[in-house]
Structures are given as C-alpha cells and as structure tokens.
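Here is a short report for a first look. Please have the sequence and the model open as you read.

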Amino acid sequence: MLWIALHLPELPLEALARGSPLPETCAVAERHRIIACDGKALARGVKPGISTAAALALAPQIRIRERDAAAETEALLGIAAWAMQFTPNVALDFPDAVLLEISGSLKLFGGLTQILGDLREGIEAMGFTTCLAVAPTARAVCWLARSGKETLVTDAERMDEAVSTLPTAVLRCDTDTLESLQAIGAATVGDLLALPREGLARRFGQALLDDLDRARGRLADPRTFFKPPPRFTARIELLA
C-alpha cells in the first residue's frame, strides 16, 4: 500500500476565512491562547502559543476569533470529498489531515509526482495550506506530514529510518506522557525504538508500542474510508 497525507496546519484560520475576506490582521484563539495567525500577525510578533492578551499588546488592531470546530470539520469533509477524484480510498485523520491510499491509482493518474502536483495545486486553489507526505503506512504518513517535512517514502524497508528522526510530539500523546518521555531523554521516535519494549510498555502502556508498530508496518492499521453524503450544499458570502 502507499498513502499520501494532506496535513492542513493552518486549518483553524483558513476554515474561518473561507468565503469572507479578512483584510485585517487576524488570529484564532482557543482557551485564551493563540493557535493560528496570518502572516501580518506573525510580522508583528504574534505566534501560536501566546495568550490573547499578549497578542493584543503586540498588535492592538488584531482581530481574534474563537476556534470553530464545526467549520474545520466541514472544511476537512469538503477536502476529503474533493480528493475522491484520485482514489475511492480516502480517510479522515482528525482534526487536520486527510489520507489517500493511492497504490491503485498511480498508473491511471500519471504516477506519484503527477498526483502530488495535482493535489497541491487543487488544495492551494481552494485556499488551504498543506504539507504532503508519502509512506507505505497510514500512521507513518500522518507523522511525517505533521512534522512539517514533505517526505516521500515509497520503500517499506526505509520506514524505520524515516520515522526515527521525527520528534515524539508527532505521536500526539497527552502532555504528561510527552513530558515523561522528554524526562527520560526520548526526544525522537528513534529514541523510543531504542528503549526496551517491555519497560516502555510497563511505563507508558501497550498503546504506545502499538502506535509505533502500526507506523512501521508491523501491526495492522485499518482505516474507515470516507463516504460522501448523498446531497451536497455549500454557501459563500459575496462581497455585495
């Protein structure tokens, strides 16, 4: 199998912006913390992770919107439906990724390079920012894309090498687990793979080992494929 992941790192901001131009400096907040901001806000020192109060101090005219999970889900579903033109095997990886199993589509659509180019062009035309990755397993391709590296791994024998350099943050464990991993010196996936499996399971649970094995193709990682709704509706606010 061969998977492509479309990771949408700016989805909180771009989902809110669809259909409504935002000429002013804009950011999205959740629990009084900035989680996404546009280029104008970044230029003024605003960045994800700071408080809304700090953002307003840096950019008094900034427009801060509360995160809209429903808008993000709607945008993700729309991208999944659009991606089905390349393969019927499209899966959602909430909250910000769409996966395509494209091993049966390579010849039909002109090869991997052509498919990646078409995906990138289409996503950009819809107004979204994306990071693409390719890997033989769904778990690994998610990790690669969410790391921000557009990595292409088509050989299953390179899986361990590809995931070993990734930070443990891609596992999306809870904060306590991530802090515990950092405390024992496990900053990367490779550091985890080097630890004794029995001790790792005792301390952090079997689920962590299972995630590592799914990413490396040593354990099955079944996905539920997206089914488009029988009806489609969309709305866009015009300027006048």
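## One turn of a helix

Asp-211 and Arg-214 both sit in helix α11, three residues apart, so about one helical turn separates them. This is a predicted model. The two residues form a salt bridge. Their closest N and O atoms are 3.6 Å apart. Arg-214 is partly exposed: its relative accessible area is 22%, and the buried class ends under 20%.

## A buried pair

The structure holds 15 salt bridges. One of them joins Arg-146 to Asp-96, with 2.9 Å between the closest N and O atoms. Arg-146 belongs to helix α6, residues 138-146. Asp-96 lies in the loop between β5 (90-93) and β6 (97-101). The pair therefore ties together parts that are 50 residues apart in sequence.

Are these two residues buried or exposed? Arg-146 is buried, at 16% relative accessible area. Asp-96 is buried as well, at 11%.

## A bridge after helix α11

Arg-218 and Asp-160 also meet through their side chains. The N to O distance in this salt bridge is 3.7 Å. Arg-218 lies in the segment after α11 (206-215), while Asp-160 is in helix α7, residues 159-164. Because of these positions, the pair ties together parts 58 residues apart in sequence.

Arg-218 counts as exposed, with 56% relative accessibility. Asp-160 is partly exposed, at 28%.

## The network

Which residues are linked in a network of salt bridges? Asp-211 and Arg-214 from helix α11 are among them. So are Arg-146 and Asp-96, the buried pair. The other members are Asp-93, Arg-139, Arg-172, Asp-221 and Arg-223.

## A three-stranded sheet

Now to the strands. Three of them form an open sheet in the order β3-β2-β4, and the pairing is mixed. β3 (33-37) and β4 (63-66) are the edge strands, each pairing on one side only. From one strand to the next, the twist averages 40°.

How do β2 and β4 run, and how many bridges join them? Strand β2 covers residues 26-30 and runs parallel to β4. Four bridges join the two. For one bridge partner, look at Ala-29: its partner in β4 is Glu-66.

Terms used: Residues are numbered from 1 along each chain as its sequence is written. This is a predicted model: local features need pLDDT of at least 70, side-chain atom pairs count only at pLDDT 80 or more; totals for chains, interfaces and linings use all residues. Side-chain values use heavy atoms; hydrogens and water are left out. A salt bridge is a side-chain nitrogen of Lys or Arg within 4 Å of a carboxyl oxygen of Asp or Glu. Buried means under 20% relative accessible area, exposed over 50%, partly exposed in between (1.4 Å probe, protein chains only). Two strands pair if DSSP finds at least two bridges between them. Axes are lines fitted to C-alpha atoms, for helices over the stretch in contact, and angles run from 0 to 180 degrees between N-to-C directions.
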